[in-house]
Structure formats: C-alpha cells, structure tokens
Amino acid sequence: MTLDIPNRTDDVLTSDTHLIQSFANLNALKQDGARTAIVRATGAHVFDSEGNKLIDGIGGLWCVNVGHGRDEVIDAIAEQLRTLDYYSTFYNFTHPAAAALAEKVASLAPGRLDHVYFGNSGSVANDTAVRILHHYNILRGKPEKRQILSRMGAYHGSTHLAMALTTPAYSEGWATAADGLVHHLKAPHRYREAPDMSDAEFLTVLEQDMLDAIHRIGADNICAFFAEPIQGAGGVITAPPGYHKRMREITAEHDIAYVADEVVTAWGRLGHMFSSEDVYGYVPDIITTAKGLTSGYQPLSATIISSEIHDVISGPEAMFLHGMTYSGHPAAAAAGLANIDILERERIPERVQTTGKVFEAALRGLEDMTMVGEVRGSHFMMGIEFVKNKDTREEFEPDAMIGTRVAQACQARGLIARALGNILILSPTLIMDEAMIADIEGILRESIGKVSEELGV
Ligand SMILES: Cc1ncc(COP(=O)(O)O)c(C=O)c1O
C-alpha cells in the first residue's frame, strides 16, 4: 500500500497552508518560495521537492546523529510494532523495550545516574526534571526549595515551564508561566559579555554572579541549576574552561541539584555518549536528553536521575504522580536501542573525536574572513557569528537578517545551515568524512563571501 503523501512542490506547499510551523514568522511564510519542503533523506543528505540534493548541515535539528535512512533503526521500529504496537508504562505495567532501553541508558550515563523517566521531547524531559525535584524536596521536608537558576542564552524547550527556563529573548511578546520561579544568571559568553577579560577573570565574574543569586534568593529556596554544557540555540556559547566543574561545586555546597541539559550534547555530538563528565569533568544530579537518543527516528527523551533522588521518590511515603501516555513508547524505545547499537558498533563517538576536530578546525579557518567575528563551539556543534566590524565587534542590525542571507546563499549551493540572528549554526550528522567537511567549508566560504561582497563589508 502506498500513502497519498504529496511530493511535488506545488502539492506539498498547498497542503502546508494548514500546518503551523515552529519558531517561524507565519506571516512571512505566506509568501511564495518562503518554505522548503524536504521529501526524502539518505545518509548525510536530504532532497527537497524540487529534486535538489542538500547536505544536511543541521542534522535535522541537531538530532540525526547516525545519519538518515538507517535500515537497522527502521527495521527495529517495524519489528517492535508488529510484536507490541503500544502499551503504557503506567501503574504496574512495563514492557521489554522500555525496560531494556532504561537499563542501557543507565549503564552509559555517568556516576550514579541510574534511573530513567522517558518522555517524548527535550521540553518534557526538562519539565519532568523540575516536577521530580519539587516532589523530592517536598518529601525531604523542604517544600520551599523550589526556585530555579537558569542562564541568559539558555534554550530548554517550548512547553510553558521549559520556555520559562529558556532565555527571555525566546518568549518576547509571549506570556511566560512560572513567573518568579526562574532566575537567569549571566550567559557564559565571553565574546559578547566580557571582551576585555581573560577566561579566568570572566570565570570569577560568573562564579560571583551565581553566589550573589544564591545569597539573594536563599539556598533554602532553590532546587536546581539548569545548564546546557554548550548553549546551543542561544548561539553555540561555550563557557570558560573549568566553568561547569566550578558551578557544580557551588551548587553541591548549597544543596542545589545540577541539571545538565544534554538534549544536544549527548550521543556522540561532542565525541562521547554524554559530555558532562567525559568532556567537562563533572557529574550532575540529573541529565536530560532527547534528539540523538533515537537520532530523530522516533520522538523520545529521557530524564536520568541519581540514585540519591530516586531513593527518596521511591520511598514508603512517595507516590509518583507524573505520567504521559507515550512515556517509553515501544517503537521509540526500539529506535533508541537500535540507534545506540549503531553508535557503539560503528564507534561513532570515537570517530567524532577525530572528524569533529577536523570540522571544528575547518570552520575556525573561516575567521580569516572580514565578516566573521567569531567561530565557536566544539566538534559537530558549531556557530559562526557575523559582525559589521571585526575590531570593534559591532553587530549588524537585526533587520539586516545576516544569518538568513548567508543560510539562503548556502542552500542555493547545496547546504542547509541554520540562521539565528547574526549567527549561523552547523550541527550536521556525525557521519561526515573529510571530503564532506571540505565541501561544507567551501560552500560556507563562498556564501559568506557573496553576502559580504553584497554588503560591502
Ligand atoms: C538544549 C535543549 N534543550 C531542550 C530542547 C527542547 O527539546 P524539544 O524540542 O525536543 O522539546 C532543545 C531543543 O532544541 C535543546 O536544544
């Protein structure tokens, strides 16, 4: 049986008028040619409805880690659906796929992060972490310990609570829930926040900012510090060396749970299954993850909690009043197991330790271009910030749409990249070889050069 899904540009875009896109200017999308319909994908490439083959420079949405079209994952999903299409993990029910995936994830997670709650998005994983911590503190007799430290530049998702954790720029013109519950510390963004300081000096400022917030709010009122190892959707912001370890020490001293949002940074993107311990040298109390957990083949997230927290929430007085119909969905769990099997069998994280560094170096080479202010990030998680003036770091006006202009120039040359204001984000599949990396670099150089020439910068 074939499904009647439109494949030609006209047909796709006609039916698309009923679809509400995410993080988009819906009015601008009404114009002809504003949308790109992706109809097929294989390996490191996707095809649009005009038949163009494009390098997937953003890995779907920082998620297709093992590449598109892997039969092992697709077959595992189909086989699981034939055996057990759906059953819940509510009440006393469990099923083999969810149980096996939880065991696998716990075995790979650092420290005593041994217990896993599945959701179906990174946003839900973060909401779940907050709900669990609130419940945990109530059970410990500390109901006031419920406020949260997050950071400017953070992105933690789009449900009402996850959006409140996110940097305020993402909810401009929208209401946010959890008013007064979330406090945003300084972004660890030296290029913009502290251009004249050394990393060490800036680290001291960031430490003091956290200590001041704890002093002001009171440690007895704070349950968690949320932090991505690298801030992704905030502009690929890497913190000064030693930052996470130091923040972890401070939070531990004040009985504040450290929640590492590894929605993007896990599953090989930075060369390891998880990056908090292996890259940054700290073990958090909770890790939230999604995306590369299934390489995007199924919607699945995980909130991985420490044994210490689990001991309390599974104690005699506790009742776990949290649940989503699709938590640990059999097909998603099967996709997760097959995906991790590929990551392990093909040693993808280990390969990324080499290829990711080649990618990073290739992109950093673009810093010799006049319009490129800073190239930052790590391995296959990179951002390029464009500036009007390299010496003064003067920014382009937002309506210059520099990121979008460069992204469009890239797409016309066969590369999908993501625009974010004056920044271009690259987070491709993890199966890039050196030839593909050279292609990406060539397209970027040509596209940036073209926009730079048009602007006379
Ligand atoms: C670091 C981080 N956390 C959370 C999320 C939210 O995940 P989702 O879009 O699956 O809800 C994202 C999404 O990009 C993310 O980058």
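## Helix α4 and a four-stranded sheet

In this predicted model, the buried residues of helix α4 pack against four elements: α3 (71-83), β4 (113-119), β12 (301-306) and α11 (330-345). Let's look at that helix, and then move on to a sheet.

The residues of α4 that are buried are A97, A98, L101, A102 and V105. They lie on the same side of α4 because the arc they cover around the axis is only 130 degrees. A general rule helps here: an α-helix has 3.6 residues a turn, so residues three or four places apart point the same way. On the face turned away from the buried side, α4 carries the exposed residues E103 and S107.

The length of α4 can be checked too. The helix has 13 residues (96-108), so at 1.5 Å a residue it should span 18 Å, and this agrees with its end C-alpha atoms, which are 18 Å apart.

Now to the sheet. Four strands form an open sheet in the order β13-β14-β17-β16, and their pairing is antiparallel. At the edges are β13 and β16, each of which pairs on one side only. From one strand to the next, the twist averages 20 degrees.

Here are the residue ranges of the strands:

| Strand | Residues |
|---|---|
| β13 | residues 372-378 |
| β14 | residues 381-386 |
| β16 | residues 418-420 |
| β17 | residues 423-426 |

β16 and β17 pair in the antiparallel sense over 3 bridges, with A419 opposite L424 in β17. Helix α13 (residues 402-412) packs on this sheet, where it touches β14, β16 and β17. The direction of α13 makes about 170 degrees with that of β16.

Notes
Residues are numbered from 1 along each chain as its sequence is written. This is a predicted model: local features need pLDDT of at least 70, side-chain atom pairs count only at pLDDT 80 or more; totals for chains, interfaces and linings use all residues. Two strands pair if DSSP finds at least two bridges between them. Helices (H or I, at least four residues) and strands (E, at least two) are DSSP runs, numbered from the N terminus. Axes are lines fitted to C-alpha atoms, for helices over the stretch in contact, and angles run from 0 to 180 degrees between N-to-C directions. Two residues are in contact if their C-beta atoms, placed from the backbone, lie within 7 Å. The expected span of a helix is 1.5 Å times one less than its number of residues. A residue is buried if 20 or more other C-beta atoms lie within 10 Å of its own, exposed if 12 or fewer, and partly exposed in between; C-beta atoms are placed from the backbone. The arc is that of the directions from the helix axis to the C-beta atoms.
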